[in-house]
Amino acid sequence: MTVTTETSTINHFINGAESAGEGDRTTNVYNPATGAVSAQLRLANRADLDATVAAARKAADTWGDISLAKRTAVLFKFRELVASHVEELARLVTAEHGKVLSDAKGEIGRGLEVIEYACGIPTLLKGDYSDQVSTGIDVFSFREPLGVVAGITPFNFPVMVPLWMAPMAIATGNAFILKPSERDPSASMLLAKLWKQAGLPDGVFQVLHGDKETVDGLLTHPDVDGISFVGSTPIAQYVHETAIKHGKRVQALGGAKNHAIILPDADLDNAADHLAAAAFGSAGERCMAISVAVAVGDAADLLVKKVEERALAVKVNNGTAPDAEMGPVITPASKDRIVKIVTEAEQAGAAMVVDGRDLVVPGHEDGFWVGPTVIDHVKTEMTAYTEEIFGPVLVVVRVDSLEDGINLINANPYGNGTAIFTSSGAHARTFQRSVTVGMIGINVPLPVPVAYHSFGGWKASLFGDKHIYGPEGVSFYTRGKVITSRWPEPTAASGASYNFPSHADDHAVRHDGIAEGLPDELAHGEDAVPGRADDATEGRGRRD
């Protein structure tokens, strides 16, 4: 039975203020630990979408021309405000997502790193200048904002993923529309208020709540120039194809099936500690979670035993409990799907090492609980291996060699993240050069790049050619201009020609083989072209 308590209403944030909008549809927001409905979320209609995009377009026209000094002043202030509201943001995340408070604070910390990187935008946007490429002609380049961009973000990181996108988009001069997950929307509203408090002009950051109707509206709206998305692979592919069809720049990060290879020479206690944390942290609802342990040779039996011990010791509770290490999954549907996949693996002959299907947390019987689960002897044709479970489930696949493990990883359609546990530098180097995966950890289970690198995978884990945040984030949210400039003296001849212009014009060769455009003393002398002479020996002698 689902518990219902007094609920609040969550509005949109449009053009600098909270707005109920014109849409009359709503959806429930739950506390996953209790099963209680905590809020009613308003869902946008087409009029709300058009109003939001119009405000963003108007704001983008001015924000993109504001000086870098003023933009960075807003970013520094925003960074300060987010840092001072970590506790409040974390509690909002825990109340609607279910992850423990320490994990929620961790995701905010990673978001702060991206804000700090964006504060360096004056350096990141520096262009190039080439002087005197031809006589009196210079060439220089710089980057301009796209205009209006939107971010469609998942439930599992309601603060971090929006902060992967918005600071980069705003720092580079765009107006940003956030369409957060309907499951945990409150943190995005607090972020909007902090942006406003930091001095960001109205319309530059807006929050529009909605479902597929709103997503499709953003993907097809003629005044939206770019789309950033993080979510499942099928939706990422849909977002990419739809946005591209409508002429938008798009980066769409999809799902994952992250493997960790454990070699017999690894420190197995260290490996087991990290595997448990990477598989069960945030209830496994991470696109970088390790969901497949690839146990090589003699490592398997002992590794499984050590992981079993750690799985049984995980403290599962309401995320606000001081000793909680893992909370619930996000919805009853998520729980049912996880349980179904685990049951299918058991029926197909996999060995249940730790079974979390029937976990009940006292005092929270209506919560959406699945305990840490470990399944051994999983085969690659089982659903537990082929699908992204997105729950606290670690499957163990046994192989005979490092080469077999690498081949297993490379045969998987996903290429988001992977890891290896070993004490051999040679094995680690072979691994990092051989796997077709975008992010690799060596004795690091969650190889999420720092803010000054870029995040993103390969294969079915990324649609589009730009990773998120870091240098590629700057590139994604901007487009380049190259200027070829000439300022002739008013009395000089124009030098206009019907020929296609070329820098070669400045060193064109006359019929006698002497370069034009050189000073007279060089153009008419034997050394007009250095080292050139009728006799090769004479040419070498003159250069000497």
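**View 1. Methionine 352 and its partner at one end of a seven-stranded sheet.** In strand 16, isoleucine 375 is the bridge partner of methionine 352. The model is a predicted one, in which local features need pLDDT of at least 70, side-chain atom pairs count only at pLDDT 80 or more, and totals for chains, interfaces and linings use all residues. Residues are numbered from 1 along each chain as its sequence is written, and side-chain values use heavy atoms, leaving out hydrogens and water. Strand 15 and strand 16 (residues 373-376) pair in the antiparallel sense over three bridges. Strands, and helices too, are DSSP runs numbered from the N terminus (strands: E, at least two residues; helices: H or I, at least four). Two strands pair if DSSP finds at least two bridges between them.

**View 2. The open sheet of seven strands, with helix 14.** The strand order is 15-16-17-14-13-19-20, and the pairing is mixed. Strand 15 (351-354) and strand 20 (439-442) stand at the edges with a single partner strand each, so one side of each has no neighbour in the sheet. On average, neighbouring strands of this sheet are turned by 20° against each other, direction ignored. Helix 14 (residues 402-411) packs on the sheet and touches strand 13 (258-262), strand 14 (290-296), strand 17 (393-399) and strand 19 (417-421). Contact means heavy atoms within 4.5 Å. The direction of helix 14 makes about 180° with that of strand 13. Axes are lines fitted to C-alpha atoms, for helices over the stretch in contact, and angles run from 0 to 180 degrees between N-to-C directions.

**View 3. The open sheet of three strands.** Its order is 6-7-23, with antiparallel pairing. Strand 6 (128-134) and strand 23 (478-486) are the edge strands, and each pairs on one side only. The twist from one strand to the next averages 25°. Strand 7 (residues 137-145) pairs with strand 23 over nine bridges, and serine 141 stands opposite valine 482 in strand 23. Strand 6 and strand 7 are joined by four bridges, with serine 134 opposite isoleucine 137 in strand 7. These two strands form a hairpin with two residues between them, and glycine 136 in the turn has a positive phi of about 75°.

**View 4. The largest pocket.** The space in this pocket is about 920 Å³. It is lined by 33 residues, and Phe155, Arg183, Gly231, Ser232 and Ile235 are the closest to its centre. On a 1 Å grid over the protein atoms alone, a pocket is an open set of points with protein on both sides within 12 Å along at least five of seven lines, whereas a cavity is a set where a 1.4 Å probe fits but cannot get out; lining residues have an atom within 4 Å of a point. Grid points are joined across faces, edges and corners, and a volume is the space filled by probe spheres set on the points. Helix 9 gives the most to the lining, with five residues.

**View 5. A tilted aromatic pair.** The ring centres of phenylalanine 455 and tyrosine 469 are 6.4 Å apart and the planes are at 40°, so the pair is tilted. Rings of Phe, Tyr and Trp (its six-membered ring) pair if their centres lie within 6.5 Å; planes under 30 degrees apart count as stacked, over 60 as edge-to-face and the rest as tilted.
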